[in-house]
Amino acid sequence: MAQSSPQQVGPSSSGATLAEMDKLLTDEEVERLIDASLAARLNAYCPYSKFQVGAALLTKDGSTITGCNVENISYGLTVCAERTAVCRAVAEGQRKFRAIAITAEMGNRFVGPCGACRQTLVEFGLDWEVYLATPDKRYMKTTVAKLIPDSFSPEWVTLGERQEG
């Protein structure tokens, strides 16, 4: 049974992800974002893994855009919830994000984005927040920068142009 309000917790038990307790969103914004990711999770197409994941992006203008994982029998063609949400946002003209909530059922653990999703998030900045949540609304807050330190970002592409000129 889901809790009535989100509960923030500290770092993962494995210590793999650095959690932060300070957040830029209000408690109400976090709750709405987690609720949206939970709702998106219900739409997941995952006949092979049965592993439902939902994501909800909060854009700079306050819009919420959701995504869910969409599996394919050819596993390499599977699209994760995070990338689905980012692609939907871009298709709607959104490029600036404040936060993303990612929800999956992993017992007492939080599911973090895969490497491809982390790199996709980096494409749109390092300074936005990531809320890893469970269906009972426990969550751990981190940032894109902490999920992929020393990331390959768009700045790297223009770095060579600046050095040559």
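This is a dialogue on reading a predicted model, feature by feature.

Trainee: What should be known about the model before reading it?

Mentor: The model is predicted, so local features need pLDDT of at least 70 and side-chain atom pairs count only at pLDDT 80 or more, while totals for chains, interfaces and linings use all residues. Residues are numbered from 1 along each chain as its sequence is written, and side-chain values use heavy atoms, with hydrogens and water left out.

Trainee: How many helices and strands are there in the protein, and in what pattern?

Mentor: Helices (H or I, at least four residues) and strands (E, at least two) are DSSP runs, numbered from the N terminus. Here there are five helices and six strands. Along the sequence they follow the pattern β-α-β-β-α-β-α-β-β-α-α.

Trainee: In what order do the strands of the sheet stand?

Mentor: Two strands pair if DSSP finds at least two bridges between them. In this protein the six strands form an open sheet with the order S1-S6-S5-S4-S2-S3 and mixed pairing. Strand S1 (7-8) and S3 stand at the edges with a single partner strand each, so one side of each has no neighbour in the sheet.

Trainee: Which pairs run parallel and which antiparallel?

Mentor: S1 and S6 run parallel and are joined by two bridges; Gln 7 stands opposite Arg 138 in S6. S4 and strand S5 (residues 129-133) also run parallel, with five bridges, and Thr 103 stands opposite Ala 133 in S5. S2 and S4 run antiparallel and are joined by seven bridges; the bridge partner of Thr 59 is Phe 97 in S4. S2 and S3 run antiparallel with five bridges, and Leu 57 stands opposite Ile 65 in S3.

Trainee: How many residues lie between S2 and S3 in their hairpin?

Mentor: Four residues lie between them, and Gly 62 in the turn has a positive phi of about 95°.

Trainee: Where else does phi take a positive value?

Mentor: Most residues other than glycine have a negative phi. Just after H2, Gly 93 has a positive phi of about 90°. Two residues other than glycine also take positive values: Lys 137, with phi near 75°, and Asp 150, with phi of about 55°. Lys 137 lies in the loop between S5 and S6, and Asp 150 in the loop between helix H4 (144-147) and helix H5 (154-164).

Trainee: Is each of these two buried or exposed?

Mentor: Buried means under 20% relative accessible area, exposed over 50%, and partly exposed in between (1.4 Å probe, protein chains only). Lys 137 has a relative accessible area of 8% and is therefore buried. Asp 150 has 81% and is therefore exposed.

Trainee: What share of the protein is buried?

Mentor: Of its 165 residues, 42% count as buried. In S4, seven of the eight residues are buried, so this strand is largely enclosed by the rest of the structure.

Trainee: Which residues of helix H2 are buried, and what covers them?

Mentor: An α-helix has 3.6 residues a turn, so residues three or four places apart point the same way. In H2 (residues 81-91) the buried residues are Ala 81, Glu 82, Thr 84, Ala 85, Val 86 and Ala 89. Their cover includes strand S2 (53-59), strand S3 (64-68), strand S4 (97-104) and helix H3 (115-122).

Trainee: What does the side chain of Thr 143 reach?

Mentor: A polar contact is a pair of N or O atoms within 3.5 Å; within protein, one must be able to donate a hydrogen and the other to accept it, and residues adjacent in sequence count only if both atoms are side-chain atoms. The side chain of Thr 143 reaches the backbone nitrogen of Lys 146 at 3.1 Å. Thr 143 is found in strand S6 (residues 138-143) and, at 11% relative accessible area, is buried.

Trainee: What share of the contacts joins residues at least 24 apart?

Mentor: Contact means heavy atoms within 4.5 Å. Among contacts between residues at least 6 apart in sequence, 66% join residues at least 24 apart.

Trainee: How much area does the protein expose, and what share do carbon and sulfur atoms supply?

Mentor: Accessible areas come from the Shrake-Rupley method with a 1.4 Å probe; for residues, only the protein chains shown count as cover. The protein exposes about 8,900 Å², of which carbon and sulfur atoms supply 53%.
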